[in-house]
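Here are some short exercises for practising how to read a protein structure. Try each task yourself with the picture in view, then follow the solution step by step.

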Amino acid sequence: MVPFLYLLVPPFERTIAGGLVFAPISGVAALIAVPVCWLYNRIFSAPLFGMCGEEDEIHTRTRREPMPIEHALVNLMGRLEQDRSLDEPRHLRKRVEALDDLDACLPDGQPIGTALHRRARAIYDELESVNSRLYQAIRQDIQRGAGGGRLLEWMPDWNAAADFMNCRGYDYLDELISGVLRFEEPSTEVLPLESEMVSYQPTPARHIFDLIGRTALTERDFLVDLGSGLGHVTLMASICTSASCTGIELEPSYVDCARKSARSLKLNDVRFIQGDARAADLSDGTVFYLYTPFIGTILGEVLNSLRHEAVRREIRICTFGPCTRVVAEEQWLSVMGALEADRIAIFRSRYQTLGPGQVAK
Ligand SMILES: C[S@@+](CC[C@H](N)C(=O)[O-])C[C@H]1O[C@@H](n2cnc3c(N)ncnc32)[C@H](O)[C@@H]1O
């Protein structure tokens, strides 16, 4: 009866009357509904009312209030789900870029909440598992002594991609190398370095490929990485060439990691020596690599030792980073090829080899 009478009232008055009747009720309902919805969302990460699917959820949200990061994620996922080439191992670069893009859109370190994020995480995991299978296959080839060819397949063409090569940062090749070499996390307690010593930073993988390609190491070569860190250069050169390879590193925990990686890859000929490059025996080396491990008087001292070695035999010195400028000023060395910014430099000693019985000064 009440609803019927209510309909007889003219629209304007009906609205007022309706408002008077329903306002207190809806006020109470709102007081209950708001916390209930909030609690439900916190627990289940889903809307309480409507129970829309993930697409509806995306569209409702984006229609109401565009959220650039979610737009970007929806577009990105659409693109990645279409692109079947991402499943092919050789498209590592594309996959690493896709993983970086997903990383930028996914909540950092927080539990994955919405259906959209869960879907993105599934794509992320799938891309990572394609990468893991690729790294594992290369590791197995290295373990049976056939890894060099597999790694060298990834050697980038320096001239064809100058824009990509001439930057200092790390890229998909570093993902490849760390996936293959699989270093254990070094202990966080590293020894403090002297003021002229440079703390650890690995040579970007594309520069290691460049070093390996340009030095053309043979079985007569003996490569020494002075300040070898975790051993990227030493290990890669050992896998990809027939040269003997040694790393000399001051920090014991890095040496430990490098040795473990070598053992797990069954690289029995590579050596890692813990010690100060100033006191190291350099008498076997034919090619020395320095990614600016030290500067100032320490660099001067080590260059002096190398100059003495160069009197006995021809040596090559490869440098990367700021130490190149200093090494380029050494009169007993001549640069091979052109000196290019942000690229490994290779120097050759100028001395004539001494005959038997002659003494180096
Ligand atoms: C810039 S990192 C280069 C790492 C490695 N060569 C690479 O390219 O991946 C320099 C390394 O030199 C080491 N180092 C610094 N002074 C040293 C010294 N006097 N003797 C041996 N290693 C040293 C540091 O501990 C650090 O690991």
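**Exercise 1: Taking stock**

How many helices and strands does the chain have?

*Solution.* Keep in mind that this is a predicted model. Counting along the chain gives 14 helices and 7 strands. Next, look at burial: buried residues make up 27% of the 361 residues. Finally, turn to contacts between residues at least 6 apart in sequence: 68% of these join residues at least 24 apart.

**Exercise 2: Laying out the sheet**

Work out the order of the strands in the sheet, and find its edges.

*Solution.* Start with the order, which reads β3-β2-β1-β4-β5-β7-β6. The 7 strands form an open sheet with mixed pairing. The edge strands are β3 (271–274) and β6 (333–336), each of which pairs on one side only. From one strand to the next, the twist averages 25°.

**Exercise 3: Following β4 and its neighbours**

Do β1 and β4 pair in the parallel or the antiparallel sense, and over how many bridges?

*Solution.* Strand β1 (residues 222–226) pairs with β4 in the parallel sense, over 3 bridges. Here L223 stands opposite V287 of β4. On its other side, β4 pairs with β5, again in the parallel sense, over 5 bridges. One bridge there joins Y291 to F320 in β5. To get from β4 to β5, the chain passes through helix α13 (residues 296–312), and this β-α-β crossover is right-handed. Now step on to the next pair: β5 (residues 316–320) and β7 (residues 345–349) are antiparallel, with 4 bridges. In this pair, R316 has R348 of β7 as its bridge partner.

**Exercise 4: Side chains of β4**

Which residues of β4 point one way, and which point the other way?

*Solution.* Begin with the general pattern: in a regular strand, side chains alternate between the two faces of the sheet. In β4, V287, Y289 and Y291 point one way, while F288 and L290 point the other way. Then check burial: 5 of the 5 residues in β4 are buried, and the strand is mostly covered.

**Exercise 5: Helices against the sheet**

Which strands does helix α10 lie across?

*Solution.* Helix α10 (residues 205–215) lies across β4 (287–291), β5 and β7. Its direction is at about 160° to β5. Helix α12 (residues 252–264) also packs on the sheet, where it touches β2 (244–249) and β3. The direction of α12 makes about 165° with that of β3.

**Exercise 6: A pair of helices**

Describe how α5 and α6 meet.

*Solution.* First take the axes: those of α5 (residues 92–105) and α6 (residues 115–143) come within 10 Å and cross at roughly 150°. The crossing is left-handed. Next, find the residues in contact: α5 brings a set including L92, R95 and L99, and α6 brings a set including I123, Y124 and E128. Sorted by class, the contact has 11 nonpolar, 1 polar and 2 charged residues.

**Exercise 7: A loop residue**

Is A341 buried or exposed?

*Solution.* Locate A341 in the loop between β6 and β7. Then count: A341 has 7 other C-beta atoms within 10 Å, so A341 is exposed. The cut-off for this step is 12 or fewer. Lastly, compare sequence and space: A341 and G321 are 20 residues apart in sequence, and their C-alpha atoms are 8.9 Å apart.

How values were computed:
Residues are numbered from 1 along each chain as its sequence is written. This is a predicted model: local features need pLDDT of at least 70, side-chain atom pairs count only at pLDDT 80 or more; totals for chains, interfaces and linings use all residues. Two strands pair if DSSP finds at least two bridges between them. Helices (H or I, at least four residues) and strands (E, at least two) are DSSP runs, numbered from the N terminus. Axes are lines fitted to C-alpha atoms, for helices over the stretch in contact, and angles run from 0 to 180 degrees between N-to-C directions. Two residues are in contact if their C-beta atoms, placed from the backbone, lie within 7 Å. A crossing is left-handed if the near helix is turned anticlockwise from the far one by less than a right angle, and right-handed if clockwise. Ala, Val, Leu, Ile, Met, Phe, Trp, Tyr, Cys and Pro count as nonpolar, Asp, Glu, Lys and Arg as charged, and the others, Gly among them, as polar. A residue is buried if 20 or more other C-beta atoms lie within 10 Å of its own, exposed if 12 or fewer, and partly exposed in between; C-beta atoms are placed from the backbone. A crossover is right-handed if, with the strands pointing away from the viewer, the path from the first strand over the helix to the second runs clockwise.
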